[in-house]
Amino acid sequence: MAAKVDVLLGAQWGDEGKGKVVDVVAPEYAVIARFQGGPNAGHTLIFDGKKHVLHTIPSGVFRKGVWNLVGNGVVIDPVIFLREVKALDEAGVDVRPRLLISRRAHLILPTHRALDEASETDKGKEKIGSTLKGIGPTYMDKTGRNGLRMGDIERPDFMDRYKALVAKHERLFSIYDHQVEWRSKEAEWLEAIEALRQFTLVDSEHWLDEQLRQGNSVLAEGAQGTLLDIDFGTYPFVTSSNTISAGACTGLGIGPSRIGKVIGIFKAYCTRVGSGPFPTELHDAAGDAIREAGKEFGSTTGRPRRCGWLDLPALRYAVMINGVTELAMMKADVLSGMDTIRVCTSYRIQGKEIDQLPYQIPDDLEPVYTDLPGWGELDANKPLPATAEAYIAYIEQATGIPVRIVSVGPDRSATMIRDMAAVSR
Ligand code: GDP
Ligand code: IMO
Ligand code: MG
């Protein structure tokens, strides 16, 4: 029987711990496939006392026998990609034999990065807080039908196409006040393009189809999170791709009927890095305590993450948009030692209470909280304390979705898989 594609994605504003969970469940799959985003992502894996941060390469690379595919929906910066490969080489992992790249994936040029920076600088106070990896300009060229794709490096006229796109970008720079030097980056980028030729490019939609027909299951690894989705996130403070489950269909070339489980990853609280609305954000000692305990500093940029309580209307929204079938709650250990833990159950806007995420999140939105009792130390080898179980039950009740995975530490081993029969209603 044909196998299915399970989708694993972020249900908040990114950095939920997707990389860790992919690494934990990867042995259950034949293929791990990234479907969108690019080096704006930073997925952290920790095991055997070592930490690895992946940006473009799927998080299945440390599991033997698993194929890793960079799908057509991903945007690739060859320089960053090679840096990742080198870091993996140094860690003793040669990714080449089991890593495939879709010919349809778009390339990030040095000029895309420069345009990203010029646009952000010009925006001033209104800036998105982009990771400045060139993500927005690259997806703009993709939808504007100007982009360069991985498959183009196999064409004899690649350099002509590259120069034509750069010439367009040079004209575009004139609309920005802030000018960014990029020429010094060109030689390294062109060298990286040459080096990319040693990797296997595939027509990944056909390759995936064949895998599924042979009964080999696939896990689609999302980047960013639902509230950063270009359509359903807190626009314009979003990224430039569809981070939601539908993005796995377009980002890999698979039909919706082939999707199996949709695993929504969320933290036991919320974080956001970059600008934009964040209803439950804390500007007090509790927020600082979460940032310290959770080491909430960006994996890609090192920026401090904004921290706040769990937002249930936002989580319900993510469950709805993605068709989440099971949840994974991360970083439960970060809240250890708190007497009470708050969860936002609805919002109050100008005196009116609503329990749905609105089109626009106004500055004067007030979260309505319920306080739940906290817990002490957590240990993956011991049953969860009753208060942690009650917290999870509360979330399951509010979302209607079982929490199958509970993560109690950054290490691969600090992960609890709950019995689905016991948690599903
Ligand atoms: P991703 O982008 O969704 O893969 O998440 P990131 O790797 O950017 O951020 C998650 C951070 O939390 C990383 O530093 C992880 O090592 C860490 N982490 C993941 N799960 C847990 C957990 O259960 N507890 C703690 N304390 N840290 C965790
Ligand atoms: P992972 O996969 C958290 C945020 C940026 C910024 C906005 C747009 O590690 O969860 P972009 O560079 O895409 O133009 O930035 O999106 N952002 C992320 N925040 N985790 C990520 O990825 C992110 N990727 C982008 O901070 O607010
Ligand atoms: Mg991250």
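1. Residue V343 is placed in strand β16, which covers residues 340–349. The model in which it is seen is a predicted one. V343 counts as buried, because its relative accessibility is 0% and the cut-off for a buried residue is under 20%. Setting aside neighbours within four places in sequence, V343 is in contact with L310, L312, V368, Y369, T370, L372, Y391 and Y394. A further residue to examine here is P367: it stands 24 residues from V343 in sequence, and the two C-alpha atoms are 9.1 Å apart in space.

2. The loop that follows deserves a separate remark. Q350 lies in the loop between β16 and β17, the latter being residues 352–354. Its phi is near 45°, a positive value in a residue other than glycine. Most residues other than glycine have a negative phi. With a relative accessible area of 70%, Q350 is exposed, whereas V343 in β16 is buried.

3. A positive phi is also found in the loop between β15 (326–330) and β16, where K331 lies. K331 is not a glycine, yet its phi is about 60°. K331 counts as partly exposed, at 21% relative accessibility. The reader may note that this class applies because the value falls between the limits of 20% and 50%.

4. One peptide bond should be checked in the display. The bond from Y235 to P236 is cis, with omega near 5°. Most peptide bonds are trans. P236 belongs to the loop between β10 (218–221) and α8 (245–252).

5. D15 illustrates how distant parts of the chain meet. This residue is found in the loop between β1 (5–10) and α1 (18–25), and it is partly exposed, with a relative accessible area of 22%. D15 and T271 are 256 residues apart along the chain, but their C-alpha atoms are separated by 7.9 Å. Leaving aside neighbours within four places in sequence, the contacts of D15 are with G42, K267, V273 and R305.

6. Helix α9, residues 285–293, has G287, I290 and R291 as its buried residues. Seen down the axis of α9, these residues fall within an arc of 100°, so they line one face of the helix. The face turned away from the buried side carries the exposed residues A285 and E292. Strand β13 (306–308) is included in what covers the buried residues of α9.

7. The remaining points concern the whole protein. Its secondary structure comes to 12 helices and 20 strands. Of its 425 residues, 56% count as buried. Among contacts with a separation of 6 or more, 76% are accounted for by residues 24 or more positions apart.

8. On overall dimensions, the C-alpha atoms fill a box of roughly 65 × 55 × 40 Å, taken along the principal axes. A compact globule of 425 residues would have a radius of gyration near 22 Å, and the protein has 21 Å, which agrees.

9. Surface and charge complete the note. The accessible surface comes to about 18,000 Å², and 51% of it belongs to carbon and sulfur atoms. There are 50 positive and 56 negative side chains, and the centres of the two sets lie 3 Å apart.

Terms used
Residues numbered from 1 in each chain as written. Chains lettered and ligands numbered in written order. Predicted model: local features only at pLDDT ≥ 70, side-chain atom pairs only at ≥ 80, totals over all residues. Heavy atoms only, no water. Helix = DSSP H or I, 4+ residues; strand = E, 2+ residues; numbered from the N terminus. Rg over C-alpha atoms; globule rule 2.2 N^0.38 Å. Buried < 20%, exposed > 50% of the residue type's maximum accessible area, 1.4 Å probe, protein only. Contact = heavy atoms within 4.5 Å. Areas by Shrake-Rupley, 256 points an atom, 1.4 Å probe, with all protein chains shown as cover. Lys, Arg positive; Asp, Glu negative; His and termini not counted. Charge placed at Lys NZ, Arg CZ, Asp CG, Glu CD. Arc of directions from axis to C-beta.
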